[in-house]
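Reader: I've got a structure to look at and I'm not sure where to start. Could you walk me through it?

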Amino acid sequence: SSTYRRPAALFSPFIRRQQVLLLYRRILQTIRQVPNDSDRKYLKDWAREEFKRNKSATEEDTIRMMITQGNMQLKELERTLALAKS
Amino acid sequence: MASRVLSSCVHRLPVAFAPLPRVSMLVAAQPFSTALCSTGTRTRPGPSQPAAVLMQVPGRVTQLCRQYCEDHVLYILKLYNKIEPEKLCINSHFMKDLGLDRLDQVEIIMAMEDEFGFEIPDLDAEKLICPQEIVDYIVDKKDVYE
């Protein structure tokens, strides 16, 4: 029998939290590239509001869904920026 | 959603970080104890000039000393509207002493990156949880003399 135990830590709240924080950072890093000052401030406030609002979520499924959604919004932001630059 | 946000009318919202004054104004407001040099020299401070002279290099200060780092890190934090300035000291723990959360910490580190003009890797960034640690990190990573 295998002495290897499936790492439950992969799905632990701690790892989830790290993912969320990294996502937040990535979003803020992308927003940095927004050329217009007002737009940049608006987006920073929007991002902060989104993350703060969902801060207390505890259900694994909810958290996972929000991370997925957040990643999609990050991609969309990157795409919009790329379009704006072209 | 992001594209809708971008393309919609933008209205002014209160921001976490107040617009920073030009660095030269900062010197006029509060003279630092040590002089700052920059890589390109124009005039050397003469006896009639204030002790602290700051050459403004657009966007960043290129040569730093520890005292400046400490002063500037604390200055930036005081501008953060979620921090009560009277509670802030060099060893204030962001979460335990100042009541901030991890999202705030992310914003703070990004503001420090913007201020000091360099990127901090993710794994290092998440570990910096008080002003002293930020200063020590900057002193270590940049060409700072003590």
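**Reading two chains, one residue at a time**

Author: Let's start small, with one residue: Leu28(A) has a relative accessibility of 9%, so Leu28(A) counts as buried. Keep in mind that this is a predicted model.

Reader: Okay, where does Leu28(A) sit?

Author: Leu28(A) belongs to helix H1 of chain A.

Reader: And which residues is Leu28(A) in contact with, leaving aside its neighbours within four places in sequence?

Author: They are Lys44(A), Val106(B), Glu107(B) and Met110(B). You can also look at distances between C-alpha atoms: Leu28(A) and Leu43(A) are 15 residues apart along the chain, with 8.6 Å between their C-alpha atoms.

Reader: Let's zoom out. How do I describe two helices that pack together?

Author: You give the angle between their axes and the distance between the axes. Here, H1(A) packs with H4(B) at about 40°, and the axes are 10 Å apart. Their crossing is right-handed.

Reader: Which residues meet where H1(A) and H4(B) come together?

Author: From H1(A) you have Arg17(A), Leu21(A), Tyr24(A), Arg25(A), Leu28(A) and Gln29(A). In H4(B) they meet Arg102(B), Leu103(B), Val106(B), Glu107(B), Ile109(B), Met110(B) and Glu113(B).

Reader: What is the span of H4 in chain B?

Author: H4 of chain B covers residues 102-116, which is 15 residues, and reaches 21 Å from its first C-alpha to its last. That is close to the 21 Å expected at 1.5 Å a residue.

Reader: Is H4(B) largely enclosed or largely open?

Author: Count the buried residues: 13 of the 15 in H4(B) are buried, so H4(B) is largely enclosed by the rest of the structure.

Reader: What happens at the ends of H4(B)?

Author: At the N-terminal end, Asp101(B) acts as a cap, with a side-chain oxygen 3.1 Å from the backbone nitrogen of Leu103(B). After H4(B) comes Gly117(B), which has a positive phi, near 70°.

Reader: Which residue caps the N-terminal end of H2(A)?

Author: That's Asn36(A), and a side-chain oxygen of Asn36(A) lies 2.9 Å from the backbone nitrogen of Ser38(A). You can check the span of H2(A) too: its 17 residues should span 24 Å at 1.5 Å a residue, and the end C-alpha atoms are 24 Å apart, which agrees.

Reader: Which residues in H2(A) are buried?

Author: Asp39(A), Tyr42(A), Leu43(A), Asp45(A), Trp46(A), Ala47(A), Arg48(A) and Phe51(A) are.

Reader: What about loops? Where is Arg32(A) found?

Author: Look between helix H1 (13-31) and helix H2 (37-53) of chain A; Arg32(A) is in that loop. Its relative accessible area is 26%, so Arg32(A) is partly exposed.

Reader: Which residues does Arg32(A) touch, not counting those up to four places away in sequence?

Author: Arg32(A) touches Arg40(A), Met110(B), Glu113(B) and Asp114(B). With Glu113(B) there is also a polar contact of 3.0 Å between the two side chains. And along chain A, Arg32(A) and Leu43(A) are eleven residues apart in sequence and 9.5 Å apart in space, C-alpha to C-alpha.

Reader: Now a loop in chain B. Is Lys142(B) buried or exposed?

Author: Lys142(B) has 16% relative accessibility, so Lys142(B) counts as buried. You'll find Lys142(B) in the loop between helix H6 (131-141) and strand S2 (144-145) of chain B. The side chain of Lys142(B) reaches the backbone oxygen of Phe116(B) at 2.9 Å.

Reader: How about Glu84(B), and where is its place?

Author: Glu84(B) is in the loop between helix H3 (66-79) and H4 of chain B. With a relative accessible area of 40%, Glu84(B) is partly exposed. The C-alpha atoms of Glu84(B) and Leu98(B) are separated by 7.6 Å, and these residues are 14 apart along the chain.

Reader: Last thing: what helices and strands do the chains have?

Author: Chain A has three helices and zero strands, in the pattern α-α-α along the sequence. Chain B has six helices and two strands, running α-α-β-α-α-α-α-β from the N terminus on.

Reader: And how much of each chain is buried?

Author: In chain A, buried residues make up 33% of the 86 residues. In chain B, they make up 42% of the 146 residues.

Terms used. Residues numbered from 1 in each chain as written. Chains lettered and ligands numbered in written order. Predicted model: local features only at pLDDT ≥ 70, side-chain atom pairs only at ≥ 80, totals over all residues. Heavy atoms only, no water. Helix = DSSP H or I, 4+ residues; strand = E, 2+ residues; numbered from the N terminus. Expected span 1.5 Å × (residues − 1). Buried < 20%, exposed > 50% of the residue type's maximum accessible area, 1.4 Å probe, protein only. Polar contact = N/O pair within 3.5 Å; in protein donor to acceptor, adjacent residues only side chain to side chain. Contact = heavy atoms within 4.5 Å. Axes fitted to C-alpha atoms, helices over the stretch in contact; angles between N-to-C directions. Left-handed = near helix turned anticlockwise from the far one by under 90°.
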